[in-house]
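Dear colleague,

I am handing over the structure we spoke about, and I would be glad if you opened it alongside this message. Below it you will find what turned up, taken topic by topic.

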Amino acid sequence: MNDLLIETLSNESDITAWNAYVEQSAQATFFHRAEWRDVIKQSFGHNSYYLFAKQGNQVVGILPLGHVSSWLFGHALISVPFCVYGGVVADSEFIQHALISKAVELAKQLQVDYLELRNQQAIELDGWEEKSLYVNFCKIISDNEDENLKSIPRKQRAMVRKGIKSELTTTVEHSVEDFFTAYSTSVRNLGTPVFPKKYFKVLMETFADEADIITINDKTGNLVASVLSFYFKDQVLPYYGGGTELARQSAGNDFMYWQLMCHAVKKGKRVFDFGRSKQNTGAYSFKKNWGFTAEPLSYQYYLVKAKSLPNVSPTNPKYQLFIKLWQKLPLAISQLLGPMIAKNLG
């Protein structure tokens with residue numbers, strides 16, 4: 001294919017063509033949207049290199065890459081940082097490999113530690129390594145709410161009914177204020193650094209028509225839980241969420257995800273993408289208890305300067321002391337210090 005050109009996303013017409021390709025491609029995900037390039041820059045200051053292949057005036061493949069440069073965790077070129085999916089989307093295997101070769105060339109030029117492709121399915125790549133830490137949970141939902149409720153395993157369905165009996169209330173909104181309180185409380189309790197509030201504001205501004213927040217309060221108006229979700233094609237993707245201490249008492253998280261499922265049905269969505277989780281964690285068990293089946297995610301790595309695969313997961317034993325100390329921080333302090341660390345995680 002001598003007429004194949006690989007370019008870097010730069011102007012508005014390129015962005016329009018890129019997103020049109022994402023919309024028509026069955027392989028592309030919400031996280032392949034071109035807007036993520038600016039979200040990552042505005043929120044965290046990281047540069048991105050959005051590679052796309054063209055034949056004539058036609059886009060025939062894309063590979064979004066973010067450059068996370070961190071003195072804490074090293075330097076990486078990731079497709080896509082802060083996103084669960086990424087990797088290359090192309091019309092043919094030849095175009096796919098042409099884009100990956102360009103990415104390897106760029107990784108060497110930038111002298112990063114490694115290049116990471118967050119694929120949903122593995123690609124045959126010589127000399128690459130693979131990590132199987134994460135799984136994804138995805139399920140077809142019915143347009144009938146009663147059928148969806150009956151499809152939840154009995155024990156988990158009882159938790160949803162407990163939330164209903166607790167007279168919890170539901171608000172659909174775009175403000176991140178209550179959401180950030182619930183989210184940052186949960187993240188602190190897990191012992192991991194919180195993302196900055198600015199990030200969530202940028203997300204809601206950027207994806208105004210494709211994102212919303214469902215917030216749950218108790219009958220006296222106290223904050224219980226909140227979740228920020230994206231909508232893409234026929235999918236709903238609850239992406240960031242959390243709950244206060246009240247959530248545990250009232251089954252607030254169970255009620256919240258049930259309310260999101262009902263909300264998504266009304267919006268015409270038929271796929272509930274519960275997102276990724278690390279194997280054998282609390283989040284993993286929670287999603288399995290909802291009747292979702294775990295599907296392995298294939299993250300592939302090309303080592304440039306690194307001698308072994310990176311492991312910045314909280315499950316890494318060397319981070320256990322940090323996690324225990326972080327869990328004891330006052331919420332306001334964790335909200336202040338967390339973003340300084342979280343921006344380096346990718």
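In strand β5, Ala90 is the bridge partner of Gly61, and this contact belongs to an antiparallel pairing of β3 with β5 (residues 89–90) that runs over two bridges. Please keep in mind while you look that this is a predicted model.

Strand β3 has further partners. With strand β2 (residues 47–55), β3 pairs in the antiparallel sense over nine bridges, and within that pairing you can find Leu51 standing opposite Leu63 of β3. The two strands β2 and β3 form a hairpin with two residues between them, and Gly56, which sits in the turn, has a positive phi of about 65 degrees. With strand β4 (residues 74–79), β3 again pairs in the antiparallel sense, here over five bridges, and Val68 stands opposite Ala76 in β4. These strands, β3 and β4, also form a hairpin, with three residues between them.

Is β3 largely enclosed or open? Eleven of the 13 residues of this strand, which covers residues 58–70, are buried, and therefore β3 is largely enclosed by the rest of the structure. When you follow the strand by eye, it may help to remember that side chains in a regular strand alternate between the two faces of the sheet.

Next come the cysteines. A disulfide is a covalent bond between the sulfur atoms of two cysteines, and the count of disulfides here comes to zero. Why does Cys83 form no such bond? The closest cysteine sulfur to that of Cys83 is in Cys138, and because it lies 16 Å away, it is too far for a bond, given that a disulfide needs the two sulfur atoms within 2.5 Å. Seen from the other side, the sulfur of Cys138 has its closest cysteine sulfur in Cys83, at 16 Å. As for their surroundings, Cys83 is buried, with a relative accessible area of 1%, whereas Cys138 is partly exposed, with a value of 36%.

Finally, there is the second largest pocket, which has a volume of about 520 Å³. It is lined by 27 residues, and those closest to its centre are Ala26, Gln27, Thr29, Gln120 and Gln121. The elements giving two or more residues to this lining are β6 (114–119), β8 (134–140), β13 (271–278) and β14 (293–296). Sorted by class, the lining has eleven nonpolar, twelve polar and four charged residues.

With best wishes

Definitions and conventions:
Residues are numbered from 1 along each chain as its sequence is written. This is a predicted model: local features need pLDDT of at least 70, side-chain atom pairs count only at pLDDT 80 or more; totals for chains, interfaces and linings use all residues. Side-chain values use heavy atoms; hydrogens and water are left out. On a 1 Å grid over the protein atoms alone, a cavity is a set of points where a 1.4 Å probe fits but cannot get out, and a pocket is an open set with protein on both sides within 12 Å along at least five of seven lines; lining residues have an atom within 4 Å of a point. Grid points are joined across faces, edges and corners, and a volume is the space filled by probe spheres set on the points. Helices (H or I, at least four residues) and strands (E, at least two) are DSSP runs, numbered from the N terminus. Ala, Val, Leu, Ile, Met, Phe, Trp, Tyr, Cys and Pro count as nonpolar, Asp, Glu, Lys and Arg as charged, and the others, Gly among them, as polar. Buried means under 20% relative accessible area, exposed over 50%, partly exposed in between (1.4 Å probe, protein chains only). Two strands pair if DSSP finds at least two bridges between them.
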